[in-house]
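Trainee: I would like to go through this protein one question at a time. Please show me the sequence and the model before we start.

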Amino acid sequence: MRVKITADIGNGITLPINYNHLLVGVIYRFLSASDPAFANFLHEEGFHAAEKRFKLFTFSQLMAERRHIRGEQIHFRSTLTWSVSSPVVQFLTHFADTLLTKGRLSIGDRHLKVRDVTIPRAPRFRSEMYFRCLSPIVMSAVREVDGNRRTHYCLPDDPYLSDLIRQNLLHKHQAIHGCIPQDDTLTFQYDNAYIRRKEGRVTRLVDFRGIKIRGVLCPFRVSGSVELIQTGYECGFGDKNSAGFGMVEV
């Protein structure tokens, strides 16, 4: 399930171009205001599967019809929309409780009045679907380069990308449900026609609290297990979802 927020910006708002950490702060402040124990559990522990930890939420970029980037800042000049998604009912309940009580978003030192809060209808999940990204998809793997183990961010042509996405979704599904689905198949493929039209310019480099993260903003097709596809829709595809990566829509 997901929450979509519409907020007024008055005469406009300017944020650092790398604003993901500010939105993470909004989420945890909202959770803490409603249930400090749950917020602490999510921040410090999270949900476990296969020796991995997951926060099991993701969020979109800030969307606005009128915006432009100048240097290291992004300027928004029209109404903002922001979406947050999670399969964990407790997460969304606490988040929405504070949101509706406060009636505003505090992003950095700016306080935005919330105009509307909606719960978008979930799509009908099928064994083959086509999605577009609301935030970049990140899929990382530790690989050996010149004898050193380094974090590698997968690009669309990476031969291991599809299976890494699949394994990541299996772990998330296990963290949510305590098991893997009976159908554990999944293939993931970025839209090559879109990549050609964009002349390959589909990656985004995001600085998240000093860490450089390479993601991909490109529509994709996914086929296989309906349960894994739904998991990706609710939690985010790829990794680093709780830092604002991997949110999609049909």
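Mentor: A residue counts as buried under 20% relative accessible area, as exposed over 50%, and as partly exposed in between. Keep in mind that this is a predicted model.

Trainee: Is Arg196 buried or exposed?
Mentor: Arg196 sits in helix α5, which covers residues 192-197. The cut-off for exposed is over 50% relative accessible area. Arg196 has 60%, so the residue counts as exposed.

Trainee: Which residues form the positive surface patch?
Mentor: Lys and Arg are the residues that count as positive. One member of the patch is Arg196, which is exposed. The full set is Arg196, Arg197, Lys198 and Arg204.

Trainee: How many helices and strands does the protein have?
Mentor: Helix α5 and strand β18 are two of the elements we will mention. The count for the protein is 6 helices and 18 strands.

Trainee: What radius of gyration does the protein have, set against that of a compact globule?
Mentor: The C-alpha trace spans about 45 × 40 × 40 Å along its principal axes. For 250 residues, a compact globule would have a radius of gyration near 18 Å. The value for the protein agrees with this, at 18 Å.

Trainee: What percentage of the residues count as buried?
Mentor: The cut-off for buried is under 20% relative accessible area. Among the 250 residues of the protein, the share that counts as buried is 48%.

Trainee: Where is Leu56, and is it buried or exposed?
Mentor: Leu56 lies in the loop between β4 (52-54) and β5 (58-59). Its phi is near 60°, a positive value in a residue other than glycine. The relative accessibility of Leu56 is 5%, and the limit is 20%, so Leu56 counts as buried.

Trainee: What is the phi of Arg209?
Mentor: Arg209 is in the loop between β15 (203-208) and β16 (211-216). With a relative accessible area of 56%, Arg209 is exposed. Although Arg209 is not a glycine, its phi is positive, at about 50°.

Trainee: How many salt bridges does the structure hold?
Mentor: Side chains of opposite charge can pair when their charged atoms come close. To count here, a side-chain nitrogen of Lys or Arg must be within 4 Å of a carboxyl oxygen of Asp or Glu. The number of salt bridges in the structure is 7.

Trainee: How many residues apart in sequence are the parts tied together by Glu249 and Arg132?
Mentor: The side chains of Glu249 and Arg132 meet in a salt bridge, with 2.7 Å from N to O. Glu249 belongs to strand β18 (residues 248-249) and Arg132 to strand β11 (residues 128-133), so the pair ties together parts whose separation in sequence is 117 residues.

Trainee: Are Glu249 and Arg132 buried, partly exposed or exposed?
Mentor: Glu249 has a relative accessible area of 27%. For Arg132 the value is 43%. Each value falls between the limits of 20% and 50%, so Glu249 and Arg132 are both partly exposed.

Trainee: Which parts of the chain does the salt bridge of Arg166 and Asp184 link?
Mentor: The side chains of Arg166 and Asp184 meet at 3.5 Å, N to O. The two residues are 18 apart, and the pair links distant parts of the chain: helix α4 (residues 161-177), which holds Arg166, and the loop between α4 and β14 (186-190), which holds Asp184.

Trainee: Which residues are linked in a network of salt bridges?
Mentor: Arg166 counts as buried at 17% relative accessibility, whereas Asp184 is partly exposed at 27%. These two belong to the network, whose members are Asp163, Arg166 and Asp184.

Trainee: What is the N to O distance in the salt bridge of Arg201 and Glu199?
Mentor: Arg201 is exposed, with a relative accessible area of 58%. Glu199 also counts as exposed, at 60%. Their side chains meet in a salt bridge with an N to O distance of 3.0 Å.

Trainee: How far apart in space are Ile180 and Asn20?
Mentor: Ile180 is in the loop between α4 and β14 and is partly exposed, with a relative accessible area of 45%. Along the sequence, Ile180 and Asn20 are 160 residues apart. In space, from C-alpha to C-alpha, the separation is 31 Å.

How values were computed. Residues numbered from 1 in each chain as written. Predicted model: local features only at pLDDT ≥ 70, side-chain atom pairs only at ≥ 80, totals over all residues. Heavy atoms only, no water. Patch = residues over 30% accessible without salt bridge, like charges linked within 9 Å, V, L, I, M, F, W, Y side chains within 5 Å. Areas by Shrake-Rupley, 256 points an atom, 1.4 Å probe, with all protein chains shown as cover. Charge placed at Lys NZ, Arg CZ, Asp CG, Glu CD. Helix = DSSP H or I, 4+ residues; strand = E, 2+ residues; numbered from the N terminus. Buried < 20%, exposed > 50% of the residue type's maximum accessible area, 1.4 Å probe, protein only. Rg over C-alpha atoms; globule rule 2.2 N^0.38 Å.
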